[in-house]
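Me: I'm new to this one. Can you walk me through it?

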2 protein chains.
Amino acid sequence: MTAWTLAQRAAKMNPSVIREILKVTEKPGIISLAGGLPSPQTFPVESFAQAAAQVLAHDGVSALQYAASEGYTPLREAIAGFLPWDVDPDQVLITTGSQQALDLIAKVLIDEGSRVLVETPTYLGALQAFAPMEPQVVAVASDDEGVLVDDLAAQVGSGADKARFLYVLPNFQNPTGRTMTEARRQQLVDRAAALGLPLVEDNPYGDLWFDQPPPPPLTARNPDGCIYMGSFSKVLAPGLRLGFLVAPRHIYPKLLQAKQAADLHTPSFNQRLVAEVMKNGFLDRHVPTIRALYKAQCEAMLGALEEHLRPLGVHWSRPAGGMFLWLRLPQGMSATQLLPRAVEHNVAFVPGAAFYAGDGDPRTLRLSFVTASEAQIRTGIAALAAAIQMTTP
Amino acid sequence: MTAWTLAQRAAKMNPSVIREILKVTEKPGIISLAGGLPSPQTFPVESFAQAAAQVLAHDGVSALQYAASEGYTPLREAIAGFLPWDVDPDQVLITTGSQQALDLIAKVLIDEGSRVLVETPTYLGALQAFAPMEPQVVAVASDDEGVLVDDLAAQVGSGADKARFLYVLPNFQNPTGRTMTEARRQQLVDRAAALGLPLVEDNPYGDLWFDQPPPPPLTARNPDGCIYMGSFSKVLAPGLRLGFLVAPRHIYPKLLQAKQAADLHTPSFNQRLVAEVMKNGFLDRHVPTIRALYKAQCEAMLGALEEHLRPLGVHWSRPAGGMFLWLRLPQGMSATQLLPRAVEHNVAFVPGAAFYAGDGDPRTLRLSFVTASEAQIRTGIAALAAAIQMTTP
């Protein structure tokens with residue numbers, strides 16, 4: 001018998017709660033407000049078809065050959081160009097989705113037992129990406145404006161136990177939908193610099209604002225103290241798996257070596273596709289259509305919540321952009337216990353507990369307003385109300 | 001000042017020697033026999049253009065959306081169908097190139113200090129992928145037929161120090177070009193089973209045989225004792241980054257969880273592209289053209305070696321397929337010292353030392369016969385001979 005011995009870290013890996021829920025929601029007829037799948041209406045399929053033909057006709061051999069681990073130079077230049085601070089393209093590393101950026105950051109910055117700070121609650125995929133490197137994840141208290149800097153100072157640790165970084169998602173956060181205010185951003189950057197604490201800033205949703213852009217990124221305020229992560233998944237399409245990070249010059253080489261070891265490079269073809277689609281200001285015309293769609297769907301959800309859930313004592317956030325809205329059930333209720341009842345009523349969501357590094361608030365849950373249509377959102381929220389009424393203690 | 005503290009493992013990551021050499025060889029006019037870049041002549045650019053148009057016209061939304069971490073079902077089924085043993089598609093995990101499979105295997109099976117066995121010499125990319133998990137890599141003595149099983153038994157270790165697996169590349173090995181004989185394969189599988197030692201079998205080149213296919217894979221002989229890795233990089237195109245692994249049922253879930261955390265899933269579009277291109281027996285028509293080209297280029301190199309290097313006392317392998325040929329310089333010479341002199345003569349190779357887990361044979365070097373044309377190969381080998389003559393002690 002072959003004796004397979006698993007690494008210690010394998011015990012700390014877990015199937016994604018969200019992906020398990022998504023399996024349940026594949027049952028026909030269910031309205032899923034659970035997953036964070038961008039609306040397929042927003043995918044510029046025809047533009048990709050033209051770009052694919054163009055790239056293969058004029059640059060086919062390079063698109064299909066091995067390539068540099070750093071990424072495709074014109075794409076790195078385009079990214080450096082659209083970021084709102086002075087970025088050298090040499091500091092841009094193309095990643096296979098921004099999930100891979102989390103994996104690389106974990107490998108380069110986390111030792112077993114290293115203290116890593118996250119928001120309360122935080123993005124589940126980041127917890128999963130960090131887990132194999134076995135950090136001690138510590139939640140920093142947060143309010144509607146973002147991370148509370150006094151608690152940050154209290155949790156940062158010292159000496160060998162000093163936190164390696166704070167992972168933070170300032171714009172239209174996953175899962176809460178909240179956005180850090182200008183004042184809190186500056187406070188956070190100043191305090192982190194005073195503490196000598198690196199920041200890992202994740203910004204997949206920043207372009208999806210409804211009425212006005214969010215305040216400038218944390219990294220723009222202190223580029224040497226931050227690693228910044230971005231993604232094309234929400235403004236073009238997630239199925240291409242194209243993200244990037246921007247790192248300080250002395251950290252970049254190690255992230256690049258981790259990238260080489262992880263998958264040599266992100267697909268050459270996909271990088272050229274996106275560079276081609278982005279030409280001539282395409283995003284400037286395309287992204288406003290996504291904003292308008294998501295704003296309308298968010299308003300449909302807020303309207304349905306007002307109608308069906310306000311009378312039940314449920315509270316929720318009003319996001320200024322992004323894809324998610326955060327609910328809090330009445331006292332005594334549990335979102336985890338509500339879920340199977342909701343699925344019986346043909347609607348699904350993600351219980352908030354999934355997003356906490358430690359014990360979470362059992363009354364919270366996350367709703368996505370981007371995948372379902374307005375009509376489905378109205379039906380889904382009514383169904384959610386019915387499920388809540390059946391389980392109200 | 002921000003206090004960036006790197007993980008301990010970061011010190012064990014190094015830039016790829018090969019990628020550093022490739023940078024040198026980008027100087028105009030140099031003939032590179034160094035890199036393992038498939039001949040761009042073999043890329044079916046037109047077939048990919050048709051497939052891209054087809055996929056985006058008929059399945060565009062799915063091709064651009066998030067997808068299951070396991071991979072695209074029709075592609076997993078096609079892979080299970082062409083492998084020469086009974087494979088359930090549920091055991092196939094699609095990876096972002098087979099380099100990623102190495103990363104996932106390392107995460108799931110290697111603890112800090114774990115003993116991991118490799119051939120002498122072995123694939124450099126595997127050493128790089130394993131390095132971040134900080135194994136103790138032990139080289140098993142090998143001859144022209146492959147791994148020596150008595151040395152395997154001597155190196156396997158016991159108790160907590162028992163090797164987690166042997167990594168082995170049986171077909172047209174990178175870097176030596178050697179192929180394990182049928183007898184040695186069966187001996188190895190039997191001995192590994194008796195020792196309870198898992199095998200990680202890497203097979204990126206198996207389809208690139210010249211006159212006859214290599215013997216059946218190790219995994220076909222003991223599927224529960226092996227993880228098998230394959231790739232589309234050498235039979236279609238590396239720029240799509242599409243590989244796969246096949247794992248025993250009880251190991252698969254952990255590899256899948258590592259995959260989720262690493263990049264969520266391999267690009268949906270690329271998986272559909274390859275599934276589309278492979279329809280109607282395309283590989284059965286396409287791969288023979290690659291075999292014929294590489295065989296002709298290998299023969300051109302063997303002819304040039306015979307003419308220019310035999311008189312200098314250089315020895316080399318005669319591969320039965322694949323992309324590489326292995327040279328041994330006369331006594332007293334060093335391939336590492338030869339390289340700058342060769343570059344002055346406008347030809348490049350990879351010194352063998354890069355491919356050894358421990359101290360390597362300094363007289364060895366790797367030549368690729370697939371990237372350069374026959375004419376370039378003849379010019380390059382003549383230049384190599386001139387460089388050797390200048391440095392002969």
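Me: Through which surface do the copies meet?
Reply: The same surface on each, because 100% of the interface residues of chain B are also interface residues in chain A. Keep in mind that this is a predicted model.

Me: OK. How many residues does each chain put into the contact?
Reply: Chain B gives 87 residues and chain A gives 87 residues.

Me: And what area is buried between chain B and chain A?
Reply: About 7000 Å². Carbon and sulfur atoms give 61% of that area.

Me: Which residues of chain B lose the most area to chain A?
Reply: B:Trp4, B:Leu64 and B:Tyr66. Together they make up 12% of what the chain B side buries.

Me: How many salt bridges are found across the interface?
Reply: Two salt bridges are found between chain B and chain A. B:Asp103 forms a salt bridge with A:Lys107. The closest N and O atoms of B:Asp103 and A:Lys107 are 2.6 Å apart.

Me: What turn lays chain B on chain A?
Reply: A turn of 180°, with a shift of 0.0 Å along the axis. The RMSD is 0.0 Å. That is the relation of a two-fold axis. In chain B, the C-alpha nearest the axis belongs to B:Ala52, at 3.3 Å.

Me: New topic. Where is B:Phe210?
Reply: B:Phe210 sits in a loop of chain B, between strand S8 (199–202) and strand S9 (226–231).

Me: Is B:Phe210 buried or exposed?
Reply: Buried, because its relative accessibility is 13% and the cut-off for buried is under 20%.

Me: What is B:Phe210 in contact with, beyond its sequence neighbours?
Reply: Leaving aside neighbours within four places in sequence, its contacts include B:Arg291, B:Tyr294, B:Cys298, B:Pro319 and B:Phe369.

Me: You mentioned B:Cys298. Buried or exposed?
Reply: B:Cys298 counts as buried, at 2% relative accessibility. A:Cys298 also counts as buried, at 1%.

Me: How many disulfides are there over all chains?
Reply: The count comes to zero.

Me: Last one: helix H12 of chain A. What is its reach?
Reply: Helix H12 (residues 374–391) has 18 residues and reaches 26 Å from its first C-alpha to its last. That is close to the 26 Å expected at 1.5 Å a residue.

Me: Which residues of H12(A) are buried?
Reply: Among them are A:Ile377, A:Gly380, A:Ile381, A:Leu384 and A:Ile388.

Me: And what do the buried residues of H12(A) pack against?
Reply: Several elements of chain A, including helix H10 (282–308), helix H11 (335–344), strand S12 (324–328) and strand S15 (364–368).

Terms used: Residues numbered from 1 in each chain as written. Chains lettered and ligands numbered in written order. Predicted model: local features only at pLDDT ≥ 70, side-chain atom pairs only at ≥ 80, totals over all residues. Heavy atoms only, no water. Least-squares fit on C-alpha atoms with pLDDT ≥ 70 in both. Contact = heavy atoms within 4.5 Å. Helix = DSSP H or I, 4+ residues; strand = E, 2+ residues; numbered from the N terminus. Expected span 1.5 Å × (residues − 1). Buried < 20%, exposed > 50% of the residue type's maximum accessible area, 1.4 Å probe, protein only. Disulfide = S-S within 2.5 Å. Buried area = accessible area lost by both parts, 1.4 Å probe. Salt bridge = Lys/Arg side-chain N within 4 Å of Asp/Glu carboxyl O.
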